[in-house]
Amino acid sequence: QVQLVESGGGLVQAGGSLRLSCAASGIIFGFNDMGWFRQAPGKQRELVARITSGGSINYAESVQGRFTISRDTVKNTLYLQMNNLKPEDTAVYYCNARQTMYLTDYWGQGTQVTVSS
């Protein structure tokens with residue numbers, strides 16, 4: 001079955017960096033768009049970054065120039081490199097896979113990122 005397992009979250013000071021990983025099983029990148037979403041308490045889940053099955057990438061304006069999404073097809077792992085972190089980046093970050101043919105979504109359990117000022 002499909003499994004998405006995030007790791008790499010934690011506590012970091014403003015200006016610091018973290019690298020999130022999403023180990024995917026039961027997922028073929030060529031048939032899925034992959035993305036990172038985040039959700040802070042009391043707020044809606046928002047898209048942070050997405051890489052499509054064809055390799056196209058887009059970012060939320062708030063993270064442009066600071067975050068980088070990438071994938072390793074051999075390891076079947078999705079990454080999010082986060083640099084120059086800000087307190088407003090504090091949220092639970094979720095890995096997402098969307099089947100391009102059926103638009104079926106799969107989600108990881110989330111990993112907490114907390115950025116102190």
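Which residue of S11 stands opposite Ala91? Let's work through this and two further exercises.

The model is predicted; local features need pLDDT of at least 70, side-chain atom pairs count only at pLDDT 80 or more, and totals for chains, interfaces and linings use all residues. Residues are numbered from 1 along each chain as its sequence is written, and side-chain values use heavy atoms, with hydrogens and water left out.

**Exercise 1. Find the partner of Ala91 in S11.**
- Start with the strand, a DSSP run of E with at least two residues, numbered from the N terminus.
- Strands pair if DSSP finds at least two bridges between them.
- S9 and S11 (residues 111-116) run antiparallel and share three bridges.
- Solution: Val113 is the residue opposite Ala91.

**Exercise 2. Trace how S9 is joined to S4 and S10.**
- S4 (residues 32-39) and S9 (residues 91-99) are antiparallel, with eight bridges; here Asn32 faces Gln99.
- Three bridges link S9 to S10 (residues 105-107), again antiparallel, and Arg98 has Asp105 as its bridge partner.
- Five residues lie between the strands of the S9 and S10 hairpin, where Leu103 has a positive phi near 55 degrees.

**Exercise 3. Locate and describe the disulfide.**
- The criterion is a pair of cysteine sulfur atoms within 2.5 Å.
- Searching the whole structure gives one: Cys22 and Cys95, with sulfur atoms 2.1 Å apart.
- Cys22 sits in S3 (residues 18-25) and Cys95 in S9, so the link spans distant parts of the chain, 73 residues apart.
- The link of Cys22 and Cys95 is left-handed, at -80 degrees about the S-S bond.
- Cys22 is buried (under 20% relative accessible area, 1.4 Å probe, protein chains only) at 0%, and Cys95 is buried at 0% too.

Notes: Helices (H or I, at least four residues) and strands (E, at least two) are DSSP runs, numbered from the N terminus. Buried means under 20% relative accessible area, exposed over 50%, partly exposed in between (1.4 Å probe, protein chains only).
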